[in-house]
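Biologist: I am new to this structure and would like a close look at one part of it. Could you walk me through the charged pairs, and then the helix that one of them leads to?

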Amino acid sequence: MDAKTIRNMLQAVRAERKRLSDRDAVLKEREDTLLTWLKEEAPEQTSLPLNGEDKRQPATALGRFLERALSTGVKQTTDELSVLAQADPEVSEKYAKPAKAINFTLQGWK
């Protein structure tokens, strides 16, 4: 190869690198735009509670009762929980026979 051929090849390589650099700048700009749009559409959730870490109160009186009754860690049957629920004014006014509701609620918590 002579010097002229090598210079031509070098010029072609530099032109290709320039073209790629320009293309990369366009792609970076598009990426920034897309990231901005994504943040506007769905803001990041900084932290989600792990199982058991969400300390919100249950929405229903029965759910609140069951959390209190089961928080001791003592195993209780549905019948035992039903008797306790009948003694709780908040639950007993809504459920005349709470055993079925207790069973459904506990099944939903699994």
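Modeller: Happy to! Let us begin with Arg19, which counts as partly exposed at 46% relative accessibility in this predicted model. Its partner is Glu16, and the two form a salt bridge whose closest N and O atoms are 2.6 Å apart. Glu16 is partly exposed too, with a relative accessible area of 36%. Both residues belong to helix α1, which covers residues 3-41, and they are three residues apart, about one turn of the helix.

Helix α1 also holds the pair Lys28 and Asp24, here four residues apart, again about one turn of the helix. Their side chains meet in a salt bridge at 3.5 Å, N to O. Lys28 counts as partly exposed at 48% relative accessibility, and Asp24 is partly exposed with a relative accessible area of 36%.

A search of the whole structure finds five salt bridges, and one more of them will take us to another helix. The side chains of Asp88 and Arg68 meet at 2.6 Å, N to O. This pair links distant parts of the chain, 20 residues apart: Asp88 sits in the loop between α3 and α4, while Arg68 sits in helix α2. Asp88 counts as buried at 13% relative accessibility, whereas Arg68 is partly exposed, with a relative accessible area of 43%.

Now let us follow Arg68 into its helix, α2. Two packed helices are described by the angle between their axes and the distance between the axes. Helix α2 spans residues 61-70 and α3 spans residues 78-87; their axes come within 11 Å and cross at roughly 120°. The crossing of α2 past α3 is right-handed. On the α2 side, Phe65, Leu66, Ala69 and Leu70 make the contact, and on the α3 side Leu81, Leu84 and Ala85 do. The contact residues of this pair divide into seven nonpolar, no polar and no charged.

Helix α2 has a second neighbour to look at, α5, which runs over residues 99-109. The axes of α2 and α5 come within 11 Å and cross at roughly 75°, so these two helices are roughly perpendicular to each other. Here α2 contributes Leu62, Gly63, Leu66, Glu67 and Leu70, and α5 contributes Ala101, Ile102, Thr105, Leu106 and Trp109. The residues of this contact divide into seven nonpolar, two polar and one charged. If you trace both contacts in the model, you will meet Leu66 and Leu70 of α2 in each of them.

Definitions and conventions
Residues are numbered from 1 along each chain as its sequence is written. This is a predicted model: local features need pLDDT of at least 70, side-chain atom pairs count only at pLDDT 80 or more; totals for chains, interfaces and linings use all residues. Side-chain values use heavy atoms; hydrogens and water are left out. Axes are lines fitted to C-alpha atoms, for helices over the stretch in contact, and angles run from 0 to 180 degrees between N-to-C directions. Angles under 35 degrees count as roughly parallel, over 145 as roughly antiparallel, 65 to 115 as roughly perpendicular and the rest as oblique. Contact means heavy atoms within 4.5 Å. Ala, Val, Leu, Ile, Met, Phe, Trp, Tyr, Cys and Pro count as nonpolar, Asp, Glu, Lys and Arg as charged, and the others, Gly among them, as polar. A crossing is left-handed if the near helix is turned anticlockwise from the far one by less than a right angle, and right-handed if clockwise. A salt bridge is a side-chain nitrogen of Lys or Arg within 4 Å of a carboxyl oxygen of Asp or Glu. Buried means under 20% relative accessible area, exposed over 50%, partly exposed in between (1.4 Å probe, protein chains only).
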